[in-house]
Amino acid sequence: MNSIPSFAEPLDVISPITREAFRDAMAKMVAAVNIITTDGPAGRAGFAATAVCSVTDSPATLLICLNRSASVFDAVTQNGIVCVNVLSSSHEALSGVFGGKTPVDERFAAAEWRSGITGAPVLSDALVSFDCRISEQCDIGTHRVLYCTVEGIHGGNDAEALVYYRRAYGRIAS
Ligand SMILES: NC(=O)C1=CN([C@@H]2O[C@H](COP(=O)(O)OP(=O)(O)OC[C@H]3O[C@@H](n4cnc5c(N)ncnc54)[C@H](O)[C@@H]3O)[C@@H](O)[C@H]2O)C=CC1
Ligand SMILES: Cc1cc2nc3c(=O)[nH]c(=O)nc-3n(C[C@H](O)[C@H](O)[C@H](O)COP(=O)(O)O)c2cc1C
């Protein structure tokens, strides 16, 4: 008869889950770094984001988690369009500019941009850029989850990727 194996050492469990414990654990999840941009009637804006993932390829959809307290929140949600620019290792300083408290004009002055088919700014030398329209939104805790239908894919090069791991930047070559 099968039995559940017993282990000599008990599991080391953290409970209840505090914000700090969750963040410490999340810091061990390596992530791609992106700059999310928007433009339109509510103004131009952009922010650095690691909370981005693929949802489905039919229709091609990404999700982005945006803190509702971010200065870019109204521009992103009211314009209804975003471009997800995937960063290369050459963009580490740019990520800092878009992840800090820098005024919007200074953020965009730090790189070269083109206009995508939705009108969102496309980073000229991104690894790849997903030009999207926000199709659905929902709030979970502090964040707005944006479901984004991909309307165009721009560029693409094989430079080293910029990654974020244990609260620091790293790089990955293919
Ligand atoms: N999902 C998010 O909103 C993220 C926000 N950040 C922000 O960037 C700054 C620096 O972050 P770190 O150096 O990584 O140190 P940290 O200790 O603030 O975060 C560690 C990890 O926890 C997660 N995280 C951080 N803040 C979060 C939030 N409000 N909601 C959900 N997950 C969150 C991320 O995976 C992050 O890499 C902080 O202000 C942080 O809030 C960074 C990464 C993701
Ligand atoms: C590496 C990195 C990753 C980040 N990822 C996210 C994210 O996924 N979602 C988010 O809402 N904010 C994220 N942030 C924080 C935003 O970039 C930041 O809050 C945004 O630039 C707005 O700042 P502001 O309110 O000063 O304009 C990240 C910051 C850094 C440096």
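This is a short walk through one protein and the two ligands beside it, strand by strand and shell by shell.

Hi everyone. A word on ground rules before we look around. What you see is a predicted model, where local features need pLDDT of at least 70 and side-chain atom pairs count only at pLDDT 80 or more, while totals for chains, interfaces and linings use all residues. Residues are numbered from 1 along each chain as its sequence is written, and chains are lettered from A and ligands numbered from 1 in the order in which they are written.

Okay, the overall picture. The protein has 174 residues, and 28% of them count as buried. By buried I mean that 20 or more other C-beta atoms lie within 10 Å of the residue's own; exposed is 12 or fewer, partly exposed is in between, and C-beta atoms are placed from the backbone. The C-alpha trace spans about 65 × 35 × 35 Å along its principal axes. There are four helices and 12 strands. Those are DSSP runs numbered from the N terminus, with helices being H or I of at least four residues and strands being E of at least two.

How much of the contact map links residues 24 or more positions apart? Among contacts with a separation of 6 or more, the share is 63%. A contact here is two C-beta atoms, placed from the backbone, within 7 Å.

There's one database note as well. UniProt, in an unreviewed entry, places "domain: Flavin reductase like" at residues 26–171. Positions from UniProt are in the numbering used here, feature names are shortened, and annotations may be inferred rather than shown by experiment. In the model, that span is 15% helix and 49% strand, and its end C-alpha atoms lie 18 Å apart.

Let's go inside, starting with S2. Strand S2 covers residues 34–38, and five of its five residues are buried. Asn34, Ile36 and Thr38 sit on one side, Ile35 and Thr37 on the other, so to speak, with both faces covered.

What does S2 pair with? One partner is S3, antiparallel, over five bridges. Pairing, by the way, takes at least two DSSP bridges between two strands. Threonine 38, for instance, is bridged to alanine 45 in S3. The hairpin of S2 and S3 has six residues between the strands, and glycine 40 in that hairpin takes a positive phi near 150°. S2 also runs antiparallel to strand S6, residues 81–86, with four bridges joining them. There, isoleucine 35 has asparagine 85 as its bridge partner.

S6 takes us to the core. The largest nonpolar core has 32 residues, and Ile64, Val82, Val84 and Cys132 have the most contacts inside it. S6 gives this core its largest share, five residues. A nonpolar core means buried Ala, Val, Leu, Ile, Met, Phe, Trp, Tyr and Cys residues joined through C-beta atoms within 7 Å. Leaving out residues up to four places away in sequence, valine 82 touches nine neighbours you can pick out on screen, including Ile36, Ile64, Cys132 and Cys148.

Now the ligands. Around ligand 1 you'll find Arg23, Met26, Ala27, Thr50, Ala51, Cys65, Asn67, Gly99, Thr142 and Arg167. A residue gets onto that kind of list if its C-beta atom, placed from the backbone, lies within 6 Å of the molecule. Helix H1 (19–26) and strand S5 (60–67) each supply at least two of the shell residues. By class, the shell splits into four nonpolar, four polar and two charged. Ala, Val, Leu, Ile, Met, Phe, Trp, Tyr, Cys and Pro count as nonpolar, Asp, Glu, Lys and Arg as charged, and the others, Gly among them, as polar.

Ligand 2 is surrounded by 17 residues, the closest being Ala49, Ala51, Asn67, Ser71 and Gly99. Strand S3 (45–49), S5 and helix H3 (92–99) each give two or more of them. This shell has 11 nonpolar, five polar and one charged.

Last stop, some backbone oddities. Serine 15 and proline 16 are joined by a cis peptide bond, omega about 0°, and proline 16 is in the segment before H1. A cis bond also joins serine 58 and proline 59, with omega about -5°; proline 59 is in the loop between strand S4 (52–57) and S5.

Then there's the loop between strand S11 (161–165) and strand S12 (168–172), home to arginine 166. Arginine 166 has a positive phi near 55° without being a glycine. Is that residue buried or exposed? Exposed, with 10 other C-beta atoms within 10 Å. Arginine 167, in the loop between S11 and S12 too, has a positive phi of about 65°. With 8 C-beta neighbours inside 10 Å, arginine 167 counts as exposed, and it belongs to the ligand 1 shell. Thanks, everyone.
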